[in-house]
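Colleague: Could you take one strand of this model and go through it closely, with its neighbours? After that, add whatever else in the chain deserves a look.

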Amino acid sequence: MAKEGGELKAIFLPFLSTSHIIPLVDMARLFAMHGVDVTIVTTSHNATIFQKSIDLDSSRGRSIRTHVVKFPAAKVGLPVGVEAFNVDTPREMIPKIYMGLAILQPEIEQLFQDLQSDFIVTDMFYPWTVDAAAKLGIPRLMFHGASYLARSAAHSVEQYAPHLNVESDTEKFTLTGLPDKLEMTRLQLPDWLRSPNPYTELMKSIKESEKRSYGSLFNSFLDLESAYYEHYKRVMGTKSWGLGPVSLWANQDASDKAARGYAKAEEEKEGWLQWLNSKPESSVLYVSFGSMNKFPYSQLVEIANALEDSGHYFIWVVRKNEENGDGGEFLEEFEKRVKESNRGYLIWGWAPQLLILENGAIGGLVTHCGWNTVVESVNAGLPMVTWPLFAEHFFNEKLVVDVLRIGVPVGAKEWRNWNEFGNEVVKREDIGNAIALMMAGGEEDAEMRRRAKTLSDAAKKAIQVGGSSHNNMIELIEELKMHKISNGQR
């Protein structure tokens, strides 16, 4: 890469959650690829998620490093190593992690000054950084871990409150003022949008901080959601740059893909790889619900039965959960059975998703519609069975199913919090029907695959020289350089 921004220094501050850390770190690596001097600030436990990638980039001569701050575990009464919001974080510890972050704030602010950065890129969950950047007279760019459609939809609900015009929680309403006619129910909205709660206040301060920022960054690209990209900039009245797909751009070597996240030993990797390589093209379902999800025992039983009854090969990423009751034992017996029949393969905990999705044997996904997974599926040109759970997942489902038409909904009706089981159990028949539609091999299925393939080609073009995301990156770096020069002159 040309050293377009050799003299720029940046600090990246990811939120303490895997699904937020991974895309923002990939984005930081892209800036380093383009000659920006990059420091990523995080705590020691969270640094382990991405340090291998940073070491690889550094060995390639890129100017990138991690600056570790010590999480004040003892001060807030937490065991050492509990410093992230993940599926295993006990609920009673969540407020303590927030307290730890508040204690770290002055130290991080001081770092912004000591490291003499020219601009900062911080996760949306640090609204206070807009004031810290203003004090230093440097631009603050805000990273959104969601889609343009999801942020536009949330803005529509906040502005027009269409959910208050229906009689019941299950009656459909149309999201006002969007480029497409998208319908939802009250039950599918995040609770903070349905009625005010403390999270509503946090989201309000995030939005205010965005309007006062230099602009926002998204892991998206023009051809993926062009109408919403333009719509969002218009309604927010702010600058924004889509720099995606970041996972495709930052991880072009097999070594990058293997190093990502909680990468495991080679021999473990070989197991799933050998199994996948023994299967026909496009014959395997990849089933994963992200790094934040947990299901009750009753739901695991329905998924297992649906997969077994589907008649398709499958790889299922599962995690044991102490609140599951008998879930662990049931899954172990299930694993033994599908291993013997050679029908399925279970990966416990973390899965090397990029490597799995690019394998020719994968024919489609069953996904929670987390934005990272949606983008990675698009990169791979794969259709999806959509099963939204929490956060902005139901909005992302609208993009996949109604706008892009590369997904089949499982029929999930109820939003829940990421650290709760919720009340809804999706039945095996519904899961099975959605899988059957996606893997049918008929004309409708073929059309969906063609659309997914077209988007995959567009994703690859976006990050090449002259592509929309590549142009955005060059334009943004040039703009930041000009800002630095004019600041210096002032």
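**Strand 5 and its surroundings**

Modeller: In strand 5, the side chains of R140, M142 and H144 point one way and those of L141 and F143 the other way, and all of them are buried. This is a predicted model. In a regular strand, side chains alternate between the two faces of the sheet. Strand 5 covers residues 140–144, and five of its five residues are buried, so the strand counts as mostly covered, with buried meaning under 20% relative accessible area.

Strand 5 has strand 4, residues 119–123, as one pairing partner; the two run parallel and are joined by four bridges. Within this pairing, I120 stands opposite R140. To get from strand 4 to strand 5 the chain passes through helix 6, residues 129–136, and the resulting β-α-β crossover is right-handed. Strand 5 also pairs with strand 8, residues 215–218, again in the parallel sense and over four bridges. Here M142 of strand 5 is the residue opposite S216 of strand 8. R140 and M142, which face strand 4 and strand 8 residues in these two pairings, belong to the set that points one way from strand 5.

Further along the chain there is a helix contact to look at. Helix 17, residues 371–380, packs against helix 20, residues 443–462, at an angle of about 95°, and their axes are 6 Å apart. Helix 17 is therefore roughly perpendicular to helix 20, since angles of 65 to 115 degrees are classed that way. On the helix 17 side the contact is made by V378, N379 and A380; on the helix 20 side it is made by A452, L455, S456, A459 and K460. Sorted by class, the contact has five nonpolar, two polar and one charged residues.

Three loop positions have backbone details to check. The peptide bond between G244 and P245 is cis, with omega about -5°. P245 lies in the loop between strand 9 (240–242) and helix 11 (246–250). N342 is not a glycine, yet its phi is positive, about 60°. N342 sits in the loop between helix 15 (327–341) and strand 12 (344–348). Its relative accessibility is 36%, so N342 counts as partly exposed. A391, also a residue other than glycine, has a positive phi near 45°. The loop holding A391 runs between strand 14 (384–386) and helix 18 (393–403). A391 counts as partly exposed because its relative accessibility is 35%.

Conventions: Residues numbered from 1 in each chain as written. Predicted model: local features only at pLDDT ≥ 70, side-chain atom pairs only at ≥ 80, totals over all residues. Heavy atoms only, no water. Buried < 20%, exposed > 50% of the residue type's maximum accessible area, 1.4 Å probe, protein only. Pairing = 2+ DSSP bridges. Right-handed = clockwise from strand over helix to strand, strands pointing away. Axes fitted to C-alpha atoms, helices over the stretch in contact; angles between N-to-C directions. Parallel < 35°, antiparallel > 145°, perpendicular 65-115°, else oblique. Contact = heavy atoms within 4.5 Å. Nonpolar A, V, L, I, M, F, W, Y, C, P; charged D, E, K, R; others polar.
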